[in-house]
Amino acid sequence: MHRAAALLVGLVLTFPAFAGDADVKSAQDSISAQLQAFRTGDNAAAYGYAAPNVKRIFPTLDIFMGMVSGGYKPVYRAQSFAFGKSKEMSPTSIVQQVMIVGPDGKDYEAVYTLELQPDGVWRITGVSLRASNSLST
């Protein structure tokens, strides 16, 4: 029994630990920076927070911005935002809920997926956006 317990402890210690609070904060910083870049019109900086998978689908800044401004207006022109729940899917993958007040004054829920890149930056792999049932105050 002791051998089995020792083996189990050894196996657990060989697997990498999931992302911690610092990683969640870093992922949130990437989202904040992208939203701020959209707000100030620094579209190139905003595009810089897109992960490689997104850049393959939207290979130029113009194509990316067309997608964002056309389909994600609450993200593109957020009046305000606040972070909700986050979930660490793996050591290199985080899902982050963001509550957004759009340019129309309505509430939206954006669910971001992010992936830790080899350069140590969390980049956005996708965003799911829907109208929220909550009320702005």
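Of the 137 residues of the protein, 30% count as buried, a figure that, like every other value reported here, was computed from a predicted model. The accessible surface comes to about 8200 Å², and 60% of this area belongs to carbon and sulfur atoms. The confidence of the prediction averages a pLDDT of 87 over the protein, with 83% of the residues scoring at least 70. Over residues 1–18, however, the pLDDT is below 50, and this stretch has six contacts in the model beyond near neighbours in sequence.

The secondary structure consists of six helices and four strands, which follow the pattern α-α-α-α-α-α-β-β-β-β when the protein is read along its sequence. Among the contacts between residues at least 6 apart in sequence, 47% join residues that are at least 24 apart.

Helix 5, which spans residues 61–71, was examined in further detail. The buried residues of this helix are F64, M65 and V68. When helix 5 is seen down its axis, these buried residues fall within an arc of 95°, and they therefore line one face of the helix. In general, an α-helix has 3.6 residues a turn, so residues three or four places apart point the same way. On the other side of helix 5, D62 and G70 are exposed. The buried residues of helix 5 pack against four helices, namely helix 2 (21–40), helix 3 (43–48), helix 4 (52–57) and helix 6 (73–76).

Notes: Residues are numbered from 1 along each chain as its sequence is written. This is a predicted model: local features need pLDDT of at least 70, side-chain atom pairs count only at pLDDT 80 or more; totals for chains, interfaces and linings use all residues. Side-chain values use heavy atoms; hydrogens and water are left out. Buried means under 20% relative accessible area, exposed over 50%, partly exposed in between (1.4 Å probe, protein chains only). Helices (H or I, at least four residues) and strands (E, at least two) are DSSP runs, numbered from the N terminus. The arc is that of the directions from the helix axis to the C-beta atoms. Contact means heavy atoms within 4.5 Å. pLDDT is the predictor's confidence in each residue, from 0 to 100. Accessible areas come from the Shrake-Rupley method with a 1.4 Å probe; for residues, only the protein chains shown count as cover.
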